[in-house]
Structures are given as structure tokens and as C-alpha cells.
Amino acid sequence: MDLKSNHTAPVLTDPAPLSNTRLGVHSSLFPYSPSGAAFTPGLLLTIPRKKTGVLDDVRACSWLDAMKASSPPHRKIIKDVNEFAPSDPDVAYRTWTVKYPSALKSFEQITNHAKGRRIALFLDYDGTLSPIVDNPDCAFMSDAMRAAVQKVAKYFPTAIISGRSRDKVYEFVGLTELYYAGSHGMDIMCPVKPSISDDKPNCFKSTDKQGKDINLFQPAAEFLPMIHEVFTSLVESTKGIEGAKVENNKFCVSVHYRNVDEKNWNLVAQCVHNILKDYPRLRLTHGRKVLEVRPVINWDKGKAVAFLLESLRLSNCDDVLPIYVGDDRTDEDAFKVLKERNCGYGILVSSVPKESSAYYSLRDPSEDFALARSHGGRGALQRQDLAEEVRGRDLAEEGAAAQRFSEEDWRGDTET
Ligand SMILES: O=P(O)(O)OC[C@H]1O[C@H](O[C@H]2O[C@H](CO)[C@@H](O)[C@H](O)[C@H]2O)[C@H](O)[C@@H](O)[C@@H]1O
């Protein structure tokens, strides 16, 4: 089937609103339609009236603006008009935590709420379990973090929900006892047979690398050849841009511009735009110094969380307290699902104030570690000390690593 056309690809600068708070795997898998309910007209590409040069398309659809807005100097301008933006960053952060209290400091409250209920834990990978680094292939989680997650998983069902390919994130985490959802939830592996998947065409049996039987749910399966084609084209078209990197995440593609000189970001945007305009069934979202190309199906990390909860028979709010920890815009879909169900908590990992559907906050991955250690049985008393200890230890480890580590990414006052 030729899915190409000459239409312009839809663009999203923020996650699509959820139209359905209850999981309905089939009914929610609507193919994208520009006039459909999933996207507001304001988020759609507008064609420039007057073409003055090659960048007009890119500027018109705001990609470049969105890319620039996420970079530190530009964000400072945005912060000046932000409600959480007193000029002192520490004051701004503290003010923000009134609305999004620290999960570490609220540990007692969380455990009280969890009394008599089973916690189900969902963890994003990049920026949550691992610090943001320049080279996406080197975003390793520390052994201490791995041990903490392993410990937590002994007590609570634990899943990793990542934008990476499932294989890649499994390679990084390396714990067989967890559930994994890659490609922003479009590739879900659950060791048990999902109770809601009996007749689902995109749910099938497979074996993992150890030869163990697993069940996979891949709602975007039909897009695989298209994504591969786009990945190949993007590798080719960006190869002249120094620092650009294209990552194949199986059901989506990441185009990284973290290491591209800002004056060349327009070239990156133009390459992606030129290719995407021929694929109306693919859309673009923005991550941390990354453009992400993905199918237009109505599926995201939020839907993946709902799917896993239901598959694992954990969707009864009276018995289960789901907790989702994430740092990215794509994690907002999961926060929203928990908020709309009024069941469980989203915890946003961010060192800068920002609007979120999460309930609590953590400043950086070292605080995730401290929280995991607390939940894993070490107790609440040493949480803050642990966060400080890990911050120091991980920075030392990173310093020894071959790649350049940006301190600003770890605990700076800007989102990266
Ligand atoms: O959902 P996630 O697990 O958070 O994955 C989102 C993207 O994370 C990775 O990119 C980000 O982290 C890199 C390593 O620290 C960093 O270099 C990059 O700038 C960030 O955008 C990953 O490489 C992407 O494929 C994921 O989609």
C-alpha cells in the first residue's frame, strides 16, 4: 500500500489531548485525520502566503521556533513571562514546588495513600533513570540506579516506558523482571498474556533474546516499513549536517540536534520537513533537542500505561496506586491518564519550573534514585542524603566516561 501523498505532514508541538480516559484499545486506534478531534486547528501546519526562500515552510510551521524555545538562552526569555519566574532560579523553583511538591518530601503522604493498595510503577528512561548526555548511545544508567530499580521491582510491578526502541531500552536497563514499552508505548512487551488482547490483531506471541515466551502489542505494526524508509531517507539527507544524528526507534525516528550548531538547526528542520511532507500519516513531536517522527495513530505513553494496567489486571483504583515518573513532554500523556482517572500520581523530573499534569516533582534523576531506594525498603530518613550522595557519585562516574558531560544538563537552571 502506498501511503505517500503530496499533502503536508501534520505537526504537533504538544501531545494530542486524550479523548478517552478509559482504555479501549480498538476504538482509540483511529487513524489520524487533520480534521479529526485529536488535533486542534491551531496546531496544524499553515502554508506561508509568500515564499521568500527555502526556510519559509520550516518557519511557518514553527518547528524552528519550537527548537529554539527549548534552548537555554531562548527559554530565559520565556521564563520572564512565566508565572514561575522570579528572577532568582532557586526562588522560582521553590515557588513552583508549592504547586508540584517534591515527591521526596511527600514520601510519607504517598506511602499513606498507598496503604492497602499495591503500587504499580512506571518509569521513563532518558532524563529519568539516566542523565541527559550528548551522545544518545551513551545514556547509561548507573549501577546504583539499576540496583534501586531492581529492588523496587521485587515489591511492585514495574515497567519502563520509553521513546527508545524496546530492544535499546532493554539493553540499557538489563533487568528481565520488568515490563518494557518502547517507541513511546507503540511496542509493549508483557511477559503475561494481556487479558484484553485475545482477538487483537496487533497482539502476538514472540520470544525474547533469552528465548523466553513473551507477548507483544504493537499498535503501529503496519507503519514499520514506512518508518524504516523515512529513517533511511533522514540518515541520507542529514549526513552533511555536522552533529546531526538520526536514531531508529523502530516505530518512530528521532532526529537529534543537540550537537548541531544552533545556526544550522534550520537545516535539520528543513531536512525533516522535506521528507515528512510526503508522509501525511506521520507526524512530528518535539523532545529534548530532538525532533521525533511517529505514526499518526492515537496512541501514546498514556495509552500504553492504561494498556499495561488493564493487561496486568491492575486497573482497579481501590487496590492499585499507579505512579509514573517522567521528565519529557511525551510523559505528560501518562500524567494526564492518571490525573483524569483520579488514580495514582505523576511525578515530573525537572530542574526548571514548568506546567505539567504531574502531581509531584523531583529535581533530577538522583532524586528518583533516592525515592526508589526509599520505596525499596531503605526508609525515608536518608532520602535527601542519598540524593546528594548519588548526585556526587554519578557526576564523578560521568567525568570518567569518554563522552563530554554537560553539567548544565544534569542540574542546570534550564530545560535541555
Ligand atoms: O522516553 P524517553 O526514554 O525519555 O526517550 C526520549 C528520547 O530520549 C533520548 O534522547 C534524549 O536523551 C539523549 C541522551 O541523554 C540526549 O542526547 C537527547 O538530546 C535527548 O533528546 C533518545 O535518544 C530518543 O530516541 C528518545 O526518543
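How exposed is Lys-245? In this predicted model, Lys-245 has a relative accessible area of 27% and is therefore partly exposed. The points below take up the chain as a whole, then its salt bridges, the ligand site, the cysteines and two backbone torsions.

1. Overall organisation. The protein chain holds 14 helices and 13 strands. It comprises 416 residues, of which 59% count as buried. Where contacts join residues at least 6 apart in sequence, 66% of them link residues at least 24 apart. The area exposed by the protein chain is about 17800 Å², with carbon and sulfur atoms supplying 52% of it.

2. Salt bridge of Lys-245. The count of salt bridges comes to 13. One of them pairs Lys-245 with Asp-137, with 3.0 Å between the closest N and O atoms. Lys-245 belongs to strand β7 (residues 245-248), whereas Asp-137 sits in the loop between β1 (118-123) and α6 (143-155). The two partners are 108 residues apart, and the pair links distant parts of the chain. Asp-137, like its partner, is classed by its own value: a relative accessible area of 32% falls between the limits of 20% and 50%, so Asp-137 is partly exposed.

3. Salt bridge of Arg-166. A further salt bridge brings together the side chains of Arg-166 and Asp-187, at 3.1 Å from N to O. Because Arg-166 lies in helix α7 (residues 166-173) and Asp-187 in strand β4 (residues 187-190), the pair ties together parts that are 21 residues apart in sequence. Are the two partners buried or exposed? Both Arg-166 and Asp-187 are buried.

4. Salt bridge of Asp-331 and its network. Asp-331 and Lys-301 form a salt bridge in which the closest N and O atoms are 2.8 Å apart. Asp-331 is located in the loop between β11 (320-326) and α11 (332-341), and Lys-301 in helix α10 (residues 301-311), so this pair connects parts 30 residues apart in sequence. Asp-331 and Lys-301 are both buried. Which residues make up the network that contains this pair? Through salt bridges that share partners, Asp-124, Lys-301 and Asp-331 are joined into one network.

5. Ligand surroundings. The ligand is surrounded by 22 residues, the closest being Val-133, Glu-247, Arg-258, Arg-288 and Glu-292. On the backbone side, an N or O atom of Asp-126 lies 3.1 Å from an oxygen atom of the ligand. Side chains also take part: an N or O atom in the side chain of Ser-162 is 2.7 Å from a ligand oxygen atom. For the side chain of Glu-247, the corresponding distance from an N or O atom to an oxygen atom of the ligand is 2.6 Å. How much of the ligand does the protein bury? Taken alone, the ligand exposes 570 Å², and the protein buries 99% of that.

6. Disulfide. The model contains one disulfide. This disulfide joins Cys-317 to Cys-343, with an S to S distance of 2.2 Å. The torsion about the S-S bond is about -130°, and the disulfide is therefore left-handed. Cys-317 lies in the loop between α10 and β11 and Cys-343 in the loop between α11 and β12 (345-349), so the bond ties together parts that are 26 residues apart in sequence. The two ends fall in separate accessibility classes: Cys-317, at 23% relative accessibility, counts as partly exposed, while Cys-343, at 5%, counts as buried.

7. Two other cysteines. Cys-138 has a relative accessible area of 21% and is partly exposed. Cys-203, with a relative accessible area of 15%, is buried. The limit that places these residues in their classes is 20%.

8. Positive phi values. Most residues other than glycine have a negative phi. Ser-183 has a positive phi, near 50°. Ser-183 is placed in the loop between β3 (179-182) and β4, and its relative accessible area of 0% makes it buried. Lys-289 likewise has a positive phi near 50°. The position of Lys-289 is in the loop between β9 (282-287) and β10 (290-295). Why does Lys-289 count as buried? Its relative accessible area is 8%, and buried means under 20%, so Lys-289 meets the criterion.

Terms used
Residues are numbered from 1 along each chain as its sequence is written. This is a predicted model: local features need pLDDT of at least 70, side-chain atom pairs count only at pLDDT 80 or more; totals for chains, interfaces and linings use all residues. Side-chain values use heavy atoms; hydrogens and water are left out. Helices (H or I, at least four residues) and strands (E, at least two) are DSSP runs, numbered from the N terminus. Buried means under 20% relative accessible area, exposed over 50%, partly exposed in between (1.4 Å probe, protein chains only). Contact means heavy atoms within 4.5 Å. Accessible areas come from the Shrake-Rupley method with a 1.4 Å probe; for residues, only the protein chains shown count as cover. A salt bridge is a side-chain nitrogen of Lys or Arg within 4 Å of a carboxyl oxygen of Asp or Glu. A residue is near a molecule or strand if one of its heavy atoms lies within 4 Å of it. A polar contact is a pair of N or O atoms within 3.5 Å; within protein, one must be able to donate a hydrogen and the other to accept it, and residues adjacent in sequence count only if both atoms are side-chain atoms. A disulfide is a pair of cysteine sulfur atoms within 2.5 Å.
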